[in-house]
Amino acid sequence: MFDRERKVQSALKRRTTKGVFLLAMMLSPCASAQTKVKGADPRSPIELYFQAHAFGDGDYIRQAFAPDARIMFMEEDQPKQWNTEEFAKRFQQPADDEYRRVRRIERLDSSGSAASAVVTLNYPHVQFTDHLSLLKVGGEWKIVSKVFYANRRNAGEEAIDEIQREWSLPFEPRRIVGNIYYVGTNAISSFLIVTPAGNILLDTGHVEMLPLVEGNINKLGFNPRDVKLLLNSHAHFDHCGGFAEFKRETGAAVLASRLDGDLMSRGGREDFAWGDDLAYEPVKPDRIIGDGEHVELGGVALMAHLTPGHTRGCTSWSMRVEEGGKSYDVLFVCGLTVSLYKLTNNVRYPAIVEDERNSLRKLHAMHADVMLAPHAFYFDLAGKASRQKPGATNPFVDPTELARHLAEMEKDLDDSLQAQERQRTAIGEK
Ligand SMILES: [Zn+2]
């Protein structure tokens with residue numbers, strides 16, 4: 001199965017070399033107050049330190065730390081020492097995966113002219129935790145000591161593990177509303193839209209769950225081979241990892257937005273947030289759909305709404321269904337979570353926050369009687385499924401669901417942004 005097994009193998013090997021090291025930085029007594037930064041807040045030097053990492057620029061270190069500070073670095077019981085200048089010289093350019101790092105101030109206690117902070121830097125393969133002490137020197141805050149340790153990790157492997165373990169359990173397939181059926185797992189959605197001219201499938205999930213999805217389609221009395229159009233919410237492996245295989249089996253045409261179509265063609269590689277960690281078998285879209293465009297089959301029309309943020313070409317889909325003599329607006333929202341991503345100084349996706357806000361705004365302006373999403377927990381599939389009874393009102397019809405979901409996603413974004421300290425803005429304003 002592509003190179004995922006190989007990747008997991010090598011990741012397991014790396015895990016055994018779990019290295020924890022310590023970096024202690026101590027300030028010599030004669031700290032100079034000369035600095036370019038007007039830092040009236042202990043966050044200022046911490047943000048400068050973050051900038052040093054983000055831009056690979058040692059000048060930020062010279063501003064954040066006292067000039068004649070010493071750095072002590074412990075590795076396997078072997079202490080090494082640097083001063084500020086030596087430390088600053090290590091910041092020569094942003095690392096290759098700089099755009100994937102998330103920095104946070106986890107804790108900050110400040111009283112009078114002393115402060116302490118715990119800071120984390122989340123790299124895809126390692127998490128650093130800094131314990132910083134700060135002093136107000138000549139009216140400006142400086143980092144005066146720092147203890148540093150690192151935990152080896154593999155963010156991609158962690159994500160795959162969780163998805164395989166927790167999100168790929170069987171779920172009884174069912175009709176949701178009108179001609180829309182749920183054929184996904186307990187957590188990863190796959191929607192079958194039935195028309196007289198053949199069927200439409202929105203997402204297959206990852207390739208390992210494909211037999212489950214096909215089994216669900218059969219169980220409902222339909223044939224996977226009748227799927228003519230394969231639509232995508234977004235080009236992550238857990239939503240379109242099965243496209244290449246499904247297309248081979250059924251000949252269905254793949255439709256995608258331009259940017260997620262590109263990602264799909266690369267098999268998820270060079271993802272702005274995941275790099276090559278969540279790769280899948282590439283598939284080339286047969287048709288590129290733009291914002292506001294319609295996809296039609298057998299009298300059913302779905303409209304594409306580009307809602308970038310989670311991926312650059314994340315696509316929400318809307319359609320109308322008839323049920324019991326009534327007509328309902330159905331909205332398949334795209335993934336909207338960005339909280340795990342680097343939201344500040346993201347050189348690979350500078351407009352990520354702007355895009356996400358615009359997408360949330362765009363969706364807020366829409367109406368949905370039935371809101372569905374790429375993950376079952378976003379629309380309470382299990383809860384609603386348990387309330388489906390013959391003769392009862394359809395629990396999936398809930399015009400309040402969209403606003404509730406969007407408020408949740410907005411909070412997720414705001415919390416994460418705050419945690420990431422709006423670094424660029426903070427520095428830019430000072
Ligand atoms: Zn995703």
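Mentor: Helices (H or I, at least four residues) and strands (E, at least two) are DSSP runs, numbered from the N terminus. This is a predicted model, in which local features need pLDDT of at least 70 and side-chain atom pairs count only at pLDDT 80 or more, while totals for chains, interfaces and linings use all residues. Residues are numbered from 1 along each chain as its sequence is written.

Trainee: How many helices and strands does the protein chain have?

Mentor: There are 13 helices and 19 strands in the protein chain. Of its 430 residues, 45% are buried, that is, with 20 or more other C-beta atoms within 10 Å of their own (12 or fewer is exposed, in between is partly exposed; C-beta atoms are placed from the backbone). Contacts, meaning C-beta atoms placed from the backbone and lying within 7 Å, can also be sorted by sequence distance. Among those in the protein chain between residues at least 6 apart in sequence, 64% join residues at least 24 apart.

Trainee: Which residues of helix H8 are buried?

Mentor: In H8, residues 243–250, the buried ones are Phe243, Ala244 and Phe246. Viewed down the helix axis they fall within an arc of 165°, so they line one face of H8; the arc is taken from the directions from the axis to the C-beta atoms.

Trainee: What covers the buried residues of H8, and what comes just after the helix?

Mentor: The cover includes helices H6 (210–219), H7 (237–240) and H9 (258–265), together with strands S12 (227–231) and S13 (253–256). Just after H8 comes glycine 251, with a positive phi of about 75°.

Trainee: Helix H2 next. How many of its 13 residues are buried?

Mentor: In H2, 12 of the 13 residues are buried, so the helix is largely enclosed by the rest of the structure. Polar and charged residues are on the list too: Arg43, Ser44, Glu47, Gln51 and His53 are among the buried residues of H2. So are Ile46, Leu48 and Phe50, among others. Glycine 56 follows H2, and its phi is positive, near 60°.

Trainee: What span should H2 have at 1.5 Å a residue?

Mentor: The expected span is 1.5 Å times one less than the number of residues. For H2, residues 43–55, that gives 18 Å, and the end C-alpha atoms are 18 Å apart, which agrees.

Trainee: How should I read paired strands?

Mentor: Strands of a sheet pair through backbone hydrogen bonds, either parallel or antiparallel. Here two strands pair if DSSP finds at least two bridges between them. Strand S4 (residues 102–111) runs antiparallel to S5, with nine bridges, and arginine 107 stands opposite valine 118 in S5. Two residues lie between S4 and S5 in their hairpin, where glycine 112 has a positive phi near 60°.

Trainee: How many bridges join S5 to S6?

Mentor: Nine bridges join S5 (residues 114–122) to S6 (residues 126–137), and the two run antiparallel. Opposite valine 119 stands aspartate 130 in S6, and leucine 121 has phenylalanine 128 of S6 as its bridge partner. The hairpin from S5 to S6 passes through three residues. S6 in turn pairs with S7 (residues 140–152), antiparallel, over 12 bridges; one of these sites sets leucine 132 against lysine 146 in S7. Their hairpin has two residues between the strands, and glycine 138 in the turn takes a positive phi of about 55°.

Trainee: What is the order of strands in the open sheet of seven strands?

Mentor: The order is S8-S9-S10-S11-S12-S13-S14, with mixed pairing. S8 (174–177) and S14 (287–288) stand at the edges with a single partner strand each, so one side of each has no neighbour in the sheet. Within the sheet, S9 (residues 180–182) and S10 (residues 191–195) are antiparallel over three bridges, and tyrosine 181 stands opposite leucine 192 in S10.

Trainee: Which residues have the most contacts inside the largest nonpolar core?

Mentor: In soluble globular proteins, nonpolar side chains tend to be buried together. A nonpolar core is a set of buried Ala, Val, Leu, Ile, Met, Phe, Trp, Tyr and Cys residues joined through C-beta atoms within 7 Å. The largest has 78 residues, with the most contacts made by Phe191, Leu230, Met371 and Leu372. Apart from it lies another core, of 25 residues, including Ile46, Ala64, Ile71 and Val144.

Trainee: Why does leucine 372 count as buried?

Mentor: Leucine 372 counts as buried because it has 25 C-beta neighbours inside 10 Å. Leucine 372 lies in strand S19 (residues 370–372). Setting aside residues up to four places away in sequence, leucine 372 touches Ile176, Ser189, Phe191, Val330, Phe332 and Phe379. Phenylalanine 191, with neighbours within four places left out, is in contact with Leu372 and also with residues including Tyr181, Leu202 and Phe332. The C-alpha atoms of leucine 372 and tryptophan 317 are separated by 9.6 Å, although the two are 55 residues apart along the chain.

Notes
Two residues are in contact if their C-beta atoms, placed from the backbone, lie within 7 Å.
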